[in-house]
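Let's look at this structure together, one question at a time.
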2 protein chains.
Amino acid sequence: MPQPESVAESSRSLQEIIKDERLDEAQAWLEERPPHVIADELARMGGAGAGVAFRLLDKDRALSVFEELDPVGQQQILAGLRDRSVLELVERMDPDDRVRMLREMPAKVARRVLAGLSPQKRWVTSALLGYPEDSVGRYMTPEVVALPQDLTVGQALETVREKGADAETVYTLPVVDAGRRLTGVVELRELVLNPPDMMVADLVVSEPTTVYATEPAEEAARLMGETNDLNLPVVDSEGRLVGLLTFDDAAEVIEEADTEDFARQAGTAPWAGHYMAASVWRLARYRAVWLSLLLVAATLTVGVTRAFEATLEQVAALALFIPMLIGAGGNAGAQAATACVRALAVGEVRGSDLLKVVWREFRVGLLLGSLLAVVGLAVGTLFASADIAVTVGITLVLICGWAATVGGTMPLLAKRLGIDPAVVSAPMVTTFVDTTGLVIYFLAAKAVLGV
Amino acid sequence: MPQPESVAESSRSLQEIIKDERLDEAQAWLEERPPHVIADELARMGGAGAGVAFRLLDKDRALSVFEELDPVGQQQILAGLRDRSVLELVERMDPDDRVRMLREMPAKVARRVLAGLSPQKRWVTSALLGYPEDSVGRYMTPEVVALPQDLTVGQALETVREKGADAETVYTLPVVDAGRRLTGVVELRELVLNPPDMMVADLVVSEPTTVYATEPAEEAARLMGETNDLNLPVVDSEGRLVGLLTFDDAAEVIEEADTEDFARQAGTAPWAGHYMAASVWRLARYRAVWLSLLLVAATLTVGVTRAFEATLEQVAALALFIPMLIGAGGNAGAQAATACVRALAVGEVRGSDLLKVVWREFRVGLLLGSLLAVVGLAVGTLFASADIAVTVGITLVLICGWAATVGGTMPLLAKRLGIDPAVVSAPMVTTFVDTTGLVIYFLAAKAVLGV
């Protein structure tokens, strides 16, 4: 009964199927699914299993699946292929994808692969590799159909037809002068919708938004999101056209940047791999550095508490509220930090807004602190005494005002100092506010309780 | 000397220029800048100033700038315009942008605007408003050039030329049968690059990726990022074509979703406005609910500490390490939670991975805890005694193992229960881990110190 069996088994994962060495079934599984689903499954499998599954794909689908993988996953696949298959695959990739994969490879392997490419591809690849990491140059496509200035719409369409087959996109057509300097852009849409004898010059957008090949890819991608352009022409420092940044590469850049920012916000080193594919060791390694640094920084809280040991011994009940108070301060600081990091990333806040942000966050913090103080007064009265409740209330107002100010200021200061604001993580703010918050608490206690 | 003056003043912000009522200068400022820069400046200005500046723009640029604003900013502008200008502007917007703006308006105003539209636009708008909030239907463009199945390339291009002027995009051309059921998709690129007498049927992708109008826009947008499609055809439950989700709307959906996730990760209610345009009250309001809830939850730490008051009184030095230990637990939990929330958002982890994730994070936590224990032993010995140092070390191992497990599990549990995993914020995990971490600490102290 082949029919019911295949239905029942369609829900099994590729990993299980490969483990059972049922290659026919694996092939059927692969044929039924789109490339991005296969790529995700391969990334989760990792190692030998993914290699076996990959070799079951036909040539064209293999390329599509391969291009969907992130560089870490791509390397795993390549490691299992023979040299000739590797070269064939790499030769057929888009130049910008190839460059980003080569970057992740051990230098020795990358050199061997590069040497095996056809001269033209090697040239293009080396050119892209010449741009700084994470720059637009690493993400752009150099294979562009550029139009001269003086064509009719009909002639322009003819040019697209002749030269367009190899280009990643023909929807945005840069217009260049004799020195390949960019003078404008025309959309394919305009050529199709207008009569053939019209002049291209009449349809050209003459001051298009452009980006430099050397500028950070994230900035260019965010700009593209704001201007809603499909592709942005990329120019060198002299305004000569060198490529196009396409919408899908921009989307990839933004997804990577946001994933990185998320990781950083939680105090984790950013990385490019698949969560399920990473080993436990690897996951731990990415988190270990920040976690240890933060612990070392947190030993300051031990020092501060010891400095006020006399106060604590006189009024033992003060210890009860320490976790709650520093927790509240940490949360208020994390809220402000995250809001400012994101506002900086999407361009709503600039480095020059520093003082405005400090003033805003200070007031927001005081407002929130006053609200929390009401809860604090109640909790303090319930678990301790009226004067301790007052201490807790005052501390909450001050801690929140301080935490929000610090949280909002640190990312902007980082930006001004030329450091990526996302490095200012919520745990960093929390740890800093923990220490200073304790000082605030004990000083408030001394003032109110007179100890 | 008008020349030097204008140079010197070009660095002034539009806000300052408007405040000085120098309308000529404001007009010059506006003419020199692209729409997205103007929109950002208007969003920061808010209120009357933005209204004045907006009225200085010519009609076409006004529309471009208006479409770049978020719904909150759009409303501010509309509030300052006369009814006729409002209608003119709204009439010329893209249908999907119009729908999202109407959603944000007070119902009364929205009804009046809707009533003033031309019958055809009113019909399209009402249709889109019929889809659930945050669904694909609210973001798609209904104005699509669909092709019948049996055309030649030349005829298809002719159809595009006739009907394409009003469509938001003509680059993705859905192919439909007589019942408007989607049968495939052909790219304009294919039509342009192939001979006019070829049949469109030979170029059609016959099983294109599609999305339902009622499904969540975020899922559709992430899918688009994975398939690298420029536009995705949107169908109803019977497979009939109802629109296209375009790349720029998808990018907008993802930026909004990521901003929302960032806010939630820090325990802030998500909102759609511009950071610099929001009032202090408004910023505080978005953060107040979670901050108060977390404080109330944190009162549990007061209860736990009081329950172990006898232990604390016997060994007062235990109090010294409380902030450091719960800080470390909170950080480890936040790292795990953020990693899992992001992995779920981008589709690397699925709800069914729950047990795998629990097991992974538990081991990652123990590894990290063992590393931190080394620091803990040193700090404990330095500030207190050997047996307290051992207590601190053991607590760090257990707290980190527990925190990472909780942090990794909570988002997946939320997903399984049908709650947005991003609601599981880092502060929520931190607060939960604070309380349980204290219990772990005091129990470890009892075991090691025998108090």
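The questions below go from the interface of two chains to one residue.

This is a predicted model, in which local features need pLDDT of at least 70 and side-chain atom pairs count only at pLDDT 80 or more, while totals for chains, interfaces and linings use all residues. Residues are numbered from 1 along each chain as its sequence is written, chains are lettered from A in the order in which they are written, and side-chain values use heavy atoms, with hydrogens and water left out.

Student: What area is buried between chain A and chain B?
Tutor: Buried area is the accessible area (1.4 Å probe) that two parts lose on being put together, summed over both. Carbon and sulfur atoms give 65% of the area here. The total is about 9700 Å².

Student: Which residue of chain B meets E41(A) in a salt bridge?
Tutor: A salt bridge has a side-chain nitrogen of Lys or Arg within 4 Å of a carboxyl oxygen of Asp or Glu. The rule finds eight across this interface. In one of them, at 3.5 Å from N to O, the side chain of E41(A) meets that of R350(B).

Student: Is R100(B) buried or exposed?
Tutor: R100(B) sits in helix α9 (residues 95-104) of chain B, helices being DSSP runs (H or I, at least four residues) numbered from the N terminus. Buried means under 20% relative accessible area, and exposed over 50% (1.4 Å probe, protein chains only). Because its relative accessible area is 5%, R100(B) is buried.

Terms used
Helix = DSSP H or I, 4+ residues; strand = E, 2+ residues; numbered from the N terminus.
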